Structures are given as C-alpha cells and as structure tokens.
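The following exercises are to be worked with the sequence and the model at hand. Each task is followed by a solution in steps.

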Amino acid sequence: MTLPTSAEGVSEHRRARSVGIGRAHAKAILLGEHAVVYGAPALALPIPQLTVTASAGWASHTSDGQGDVSFTMTGSPSRPMVTEASDSLHRLITEFTTTMGVDGSPRLDVIIDGAIPHGRGLGSSAACARAVVCALADLYGRDLTEEEKFDLVQTAENVAHGRSSGVDARTVGASAPLLFQAGRVQELNIGCDGLFIIADSGVVGRTKDAVELLREGFQRHAGAQDRFVHRASRLTEEVRDALCDGKAEEVGSRLTEYHELLRAAGLSTKGIDALVEAALTAGSLGAKITGGGLGGCVLAMTQPEQAREVTRQLHEAGAVQTWVVPLRGLAKHAH
C-alpha cells in the first residue's frame, strides 16, 4: 500500500505533513511479573533490537463503511491478532483525535511494520500502540509529553488486556532498564557488565490463564499470596541492588530463584524449563521465564564469552529465535 501525498479537505493548520512516522521497541520483564499487580516492585528491560514502525497518512478515498481508519499489518499476523490490534488501535485513535482536538479529519491509512513476535511477553501490543501514537503526533504536528504518550498507549492496552499494570506502556519507549514500584517509575543505575539473551520458545504465552491459575492457588492456600509477594519483592530488590553494584553473579542467581518461584506456582512449562536448563548448562549466570507464563520467552543472564555457547544450546533445546541485549549498551544509551 502506498500512502497518498495529499489530504483534500484538511486545512494546513490541522496537519504538519502527509505521512507521519512513529517507532517503539520490545520489552522484557526482568523480575516482578505477577507480583507487581499485588504491589511488589518490578524490573523491566527495553529491547531496542526488536522494533515496530508505524506510518499514518491520509487516504485519498472516502469512507467505505468500514470506519475512518484502515490498518495494514505486515508479515503474516493471525486473524485473532489483527482483530485484537484493530479494536484497541481504533479506540486509541479515537482517544487521540478527541484529546488533541483533531476529530473531523478524513480517513486515515495506518501501516504497522513490526518484528516483535506476538503473545510472547515482549510487549508487542504496547509497542504497536506507542508507534501509532508517535506516528499520529508526527502526522498532526503535535509534540506529546511522555505522560500523554503513556496515557494513550494505556487506552489501547486496557482494551487489549483488561486492566494493564502500565509496565509495558512505559518500557516500550524507555532507553534504560526501569524500576516500577508503588506507581512510580525510575531508571535503574547499571554497574554490571554482561548481557541478556532472550529466547523465544515459539509458544504463545497464556497470561490470562496464568493470572487465574495463580489467583486460584492463592485462594486455596492460606498465606500463599503473602509468601509469594514477599519472596518476589525481596528477589527483585536484591537484583536492583546487584545491577547497580556490579554483582553480575548475584543477578543471575536471583533470576533462577525467581524462575523457581514461578515454576512452583505452575506458571512454567516443560518447554520453558528445558530452555532454562539449557542456558544454565551452557554457562549462564541465571535464567528464568519472562512475562505472563505458560509459554513465551526465557531470559538468561550471560557473560559475553559464554554468549555463543548459550545461544547454541538454547536453539538445540527448542528456541526458535534469540536476541542479545548488552547491559552496558543500555546504560550508555540511557546516559
């Protein structure tokens, strides 16, 4: 699809250009998944290697009864994925035009080109939403604050996932690892060398099922929720300090402990456990499932000299894709 270069009926002061471009990237939860919704801290990692680009432009044709926005997603997305994305992004664009006072515009064509696999806990829906927000802001010549971008992305996330914690919406636009605690967000100080290897199991995670499974477990066993949240909080706080103090081995060991916490709650799978074991056998300092659970991705903390062997063994154990995120690169990018 080619985007038109003109927009009949739209006055010059309503638009800065004929095509707007926006970008965002993936994210991974380092520690704190599930516990964060019960008030525990969480650590999240931007993955700048995995990006989404959105372009928004004016359609030369009039509305054909399908609404005022048409979406095109590149690649071969599943029909449920397209439907979910379309519903949340239509809501997002309605919110944008209302908030920015630009409603009454002609039909828009939006193209989303992304490399983030869907349903793996990597923030694909939030990244798509942020890219679209930035593309619309570019198209209309609006300078949005980070808070305005966050609020708009949350609009789409709440449609896609129900009540959203906001971790994804923040991290897909972040340039450094983030700490989330009690509704506040701050960049992490990174004193560690090493890198994270993200391994895609190829299996779509089932976050809603995982949330329900955990909730049922809490209801069945008195004190289980408090024990889980306390343990998760302590591990997350220890990793935050270890990242700052340059204690890579401690970061790794706590990651593995957090995986055991999630596995004991029934949130892992045989395939995920096999990837964690492969990473540890190959010399990783630690490894865990990342995201909602019951599928998705594994995250392994590794020293650079072990990265090739860890990656090889992850693929042998069933990983369909891997990505490397150097800690120092993120720290330099942040500061």
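**Exercise 1: Cysteines**

The structure, a predicted model, holds zero disulfides.

Task: Determine why C192 forms no bond with the closest cysteine, and establish whether C192 is buried or exposed.

Solution.
1. A disulfide is a covalent bond between the sulfur atoms of two cysteines.
2. The closest cysteine sulfur to that of C192 belongs to C244.
3. The two sulfurs lie 9.1 Å apart, which is too far for a bond; the cut-off for a disulfide is 2.5 Å.
4. C192 has a relative accessible area of 0% and is therefore buried.
5. Another cysteine, C134, has a relative accessibility of 14%, so C134 also counts as buried.

**Exercise 2: The chain as a whole**

Task: State how many helices and strands the protein chain has, and what share of its residues counts as buried.

Solution.
1. The secondary structure comprises ten helices and ten strands.
2. The chain has 335 residues, of which 52% count as buried.
3. Consider next the contacts between residues at least 6 apart in sequence: 77% of these join residues at least 24 apart.

**Exercise 3: Nonpolar cores**

Task: Identify the residues with the most contacts inside the largest nonpolar core, and the helix that gives the most to this core.

Solution.
1. The largest nonpolar core has 96 residues.
2. Those with the most contacts inside this core are L30, F96, L122, V132, F196, I198 and L243.
3. Helix α2 (residues 124–140) gives the most to this core, contributing twelve residues.
4. Apart from this core lies another, of seven residues, including A44, V167, L178 and F180.
5. L122 may serve as an example of the contacts made: beyond its neighbours within four places in sequence, L122 touches A26, K27, I47, L50, I116, P117, I198, C297 and W323.

**Exercise 4: Two helices**

Task: For helix α5, decide how its buried residues are arranged about the axis. For helix α7, state which elements cover its buried residues.

Solution.
1. Helix α5 (residues 207–220) has 14 residues and reaches 20 Å from its first C-alpha to its last, close to the 20 Å expected.
2. The buried residues in α5 include A210, L214, G217 and F218.
3. Viewed down the axis of α5, the buried residues fall within an arc of 100°, so they line one face of the helix.
4. The face turned away from the buried side of α5 carries the exposed residues K208, Q219 and R220.
5. Helix α6 (224–245) is among what covers the buried residues of α5.
6. Helix α7 (residues 248–264) has 17 residues and reaches 25 Å, close to the 24 Å expected.
7. The buried residues of α7 are A248, V251, G252, R254, L255, T256, Y258, H259, L261 and L262.
8. The cover of these residues includes β1, β7 (195–200), α6, α8 (270–281), β8 (286–290) and β9 (297–302).
9. Just after α7, G266 takes a positive phi of about 85°.

**Exercise 5: A glutamate in a loop**

Task: Locate E33, and determine which side chain it joins in a polar contact of 2.9 Å.

Solution.
1. E33 lies in the loop between β1 (19–31) and β2 (42–58).
2. Its relative accessible area is 5%, so E33 is buried.
3. The side chain of E33 forms a polar contact of 2.9 Å with that of K288.
4. Apart from its neighbours within four places in sequence, E33 is in contact with Y258, L262, K288, I289, T290 and G291.
5. Of these, Y258 and L262 are among the buried residues of α7.

Notes:
Residues are numbered from 1 along each chain as its sequence is written. This is a predicted model: local features need pLDDT of at least 70, side-chain atom pairs count only at pLDDT 80 or more; totals for chains, interfaces and linings use all residues. Side-chain values use heavy atoms; hydrogens and water are left out. Helices (H or I, at least four residues) and strands (E, at least two) are DSSP runs, numbered from the N terminus. Buried means under 20% relative accessible area, exposed over 50%, partly exposed in between (1.4 Å probe, protein chains only). A polar contact is a pair of N or O atoms within 3.5 Å; within protein, one must be able to donate a hydrogen and the other to accept it, and residues adjacent in sequence count only if both atoms are side-chain atoms. Contact means heavy atoms within 4.5 Å. The expected span of a helix is 1.5 Å times one less than its number of residues. The arc is that of the directions from the helix axis to the C-beta atoms. A nonpolar core is a set of buried Ala, Val, Leu, Ile, Met, Phe, Trp, Tyr and Cys residues joined through side-chain atoms within 4.5 Å.
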